[in-house]
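Trainee: Could we go through this protein together, one question at a time?
Mentor: Gladly, let's have a look.

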Amino acid sequence: MLENKRQLIMNKPDPFLSRQIDLNLNLGQGFGKQVLERDLIPFATSVNISCGAHAGDAAQIDQAIKHCKEYDDLALGALISYPDLLGFGSRKIQLDADELRATVLSQLGALSVLAKTSGYEIQHVRPFGYLYDQMQTNYSVAETVIKAVQEFSKWVVFIGPSSEIVQEIGSWTNTRVALEARYDLRYRNNLSQVAFDVEKDSDMDLEEISRRARDLVYKSTVKTIDDKEQDIKFDTIHISSRLRNSLELAKLLRGMILKPLPLRTVDYEPYLSEFI
């Protein structure tokens, strides 16, 4: 009996030992001489540079890329969105498949040129705003975006919400998908995310938001709006820059993860079958 108990203790994972997780951060969302989110870069392992569709001008985007050179081992990627400067990417814009494909490819192409002048290649792509929200539930939008990303490069990682739709399309298009978890958003029971509400979410209690981060890192769970604890699959956690205590939370989150893992280290082997 004692031996059985000993074995159970040995097999039980230590809640204070986290697995390898990527931490991704949005950059380049200012204009002119603004330098937004720069203080958060030291805590990220992957950065998503705005492509200018929802925020950021060419000079700001170029400056954000250059800031990344100050840090070692950062994976650089693209932050794509609907063309919506007035609404910061959050308005419910509708594009047909051809229009959506074209805007995704044009954003990736423009960022790719700027990145190359600083010695970077785009290594991942993440949607933003309403486009991000749609990819949780809209199969057509998710398929169009992921296929467009594949046209741009078959080797980039696609960061998307932890959604069955994203996983399914990623699988049959042979796309390297990194599922994302969020501590700044609330979750429904089906693990779809409730859109960010400035009044409810931007000034949240530090203790509550810290609990969400700990649940993700140590237990891979989220508490839903109905107070249920749900398991969630993810490879990366988004570092939010729109909370009052964003910097404090970024420090806390980075301290929880013993070996942060940049997205560019994702293994290629499972995705090589069609090229061998």
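Trainee: Before the details, what share of the contacts with a separation of 6 or more comes from residues 24 or more positions apart?
Mentor: Keep in mind that this is a predicted model. It has nine helices and 11 strands. Among contacts with a separation of 6 or more, the share from residues 24 or more positions apart is 73%.

Trainee: And what percentage of the residues is buried?
Mentor: A residue counts as buried when its relative accessible area is under 20%. The protein has 276 residues, and the buried part of them is 51%.

Trainee: How much of the accessible surface belongs to carbon and sulfur atoms?
Mentor: The accessible surface of the protein comes to about 13700 Å². The part of that area belonging to carbon and sulfur atoms is 53%.

Trainee: Which helix gives the largest share of the largest nonpolar core?
Mentor: That core has 67 residues, and I49, V145 and I239 touch the most other members. The largest share of this core, six residues, comes from residues 139-152, which form helix α5.

Trainee: Which residues does V145 touch, leaving out those up to four places away in sequence?
Mentor: V145 is one of the three core residues that touch the most other members. Leaving out residues up to four places away in sequence, V145 touches I80, L100, V104, L131, M135 and F158.

Trainee: Turning to charges, which residue forms a salt bridge with D84, and is that partner buried or partly exposed?
Mentor: Side chains of opposite charge can pair when their charged atoms come close. D84 is buried, because its relative accessibility of 1% is under 20%. Its salt bridge, at 2.6 Å from N to O, is with R91. With a relative accessible area of 42%, R91 is partly exposed.

Trainee: How many residues apart are D184 and R242?
Mentor: These two form a salt bridge, with the closest N and O atoms 3.7 Å apart. The pair links distant parts of the chain: D184 lies in the loop between β6 and β7, R242 in the loop between β11 and α9, and they are 58 residues apart.

Trainee: Which of those two is buried, D184 or R242?
Mentor: R242 has 37% relative accessibility, so this residue counts as partly exposed. At 0%, the buried one is D184.

Trainee: In which helix do R212 and E208 both lie?
Mentor: Their side chains meet in a salt bridge at 3.3 Å, N to O. R212 is buried at 13% relative accessibility, while E208 is partly exposed at 28%. They are four residues apart, about one turn of the helix, and that helix is α8.

Trainee: Which residues are linked with R212 and E208 in a network of salt bridges?
Mentor: The count for the protein comes to 15 salt bridges. In this network, R212 and E208 are linked with R211, D215, K219 and E229.

Trainee: What is the geometry of the aromatic pair formed by F88 and F128?
Mentor: A search of the whole structure finds two aromatic pairs. F88 and F128 form an aromatic pair with centres 5.3 Å apart. Planes over 60 degrees apart count as edge-to-face. The angle here is 90°, so the pair is edge-to-face.

Trainee: Last one: over which ring does the charged end of R182 sit?
Mentor: For a charge to sit over a ring, CZ of Arg must be within 6 Å of the ring centre. The charged end of R182 is 5.4 Å from the centre of its ring, and that ring belongs to Y132.

Conventions: Residues numbered from 1 in each chain as written. Predicted model: local features only at pLDDT ≥ 70, side-chain atom pairs only at ≥ 80, totals over all residues. Heavy atoms only, no water. Helix = DSSP H or I, 4+ residues; strand = E, 2+ residues; numbered from the N terminus. Buried < 20%, exposed > 50% of the residue type's maximum accessible area, 1.4 Å probe, protein only. Contact = heavy atoms within 4.5 Å. Areas by Shrake-Rupley, 256 points an atom, 1.4 Å probe, with all protein chains shown as cover. Core = buried A, V, L, I, M, F, W, Y, C linked by side-chain atoms within 4.5 Å. Salt bridge = Lys/Arg side-chain N within 4 Å of Asp/Glu carboxyl O. Phe/Tyr/Trp six-rings, centres within 6.5 Å; stacked < 30°, edge-to-face > 60°. Lys NZ or Arg CZ within 6 Å of the ring centre and 35° of its normal.
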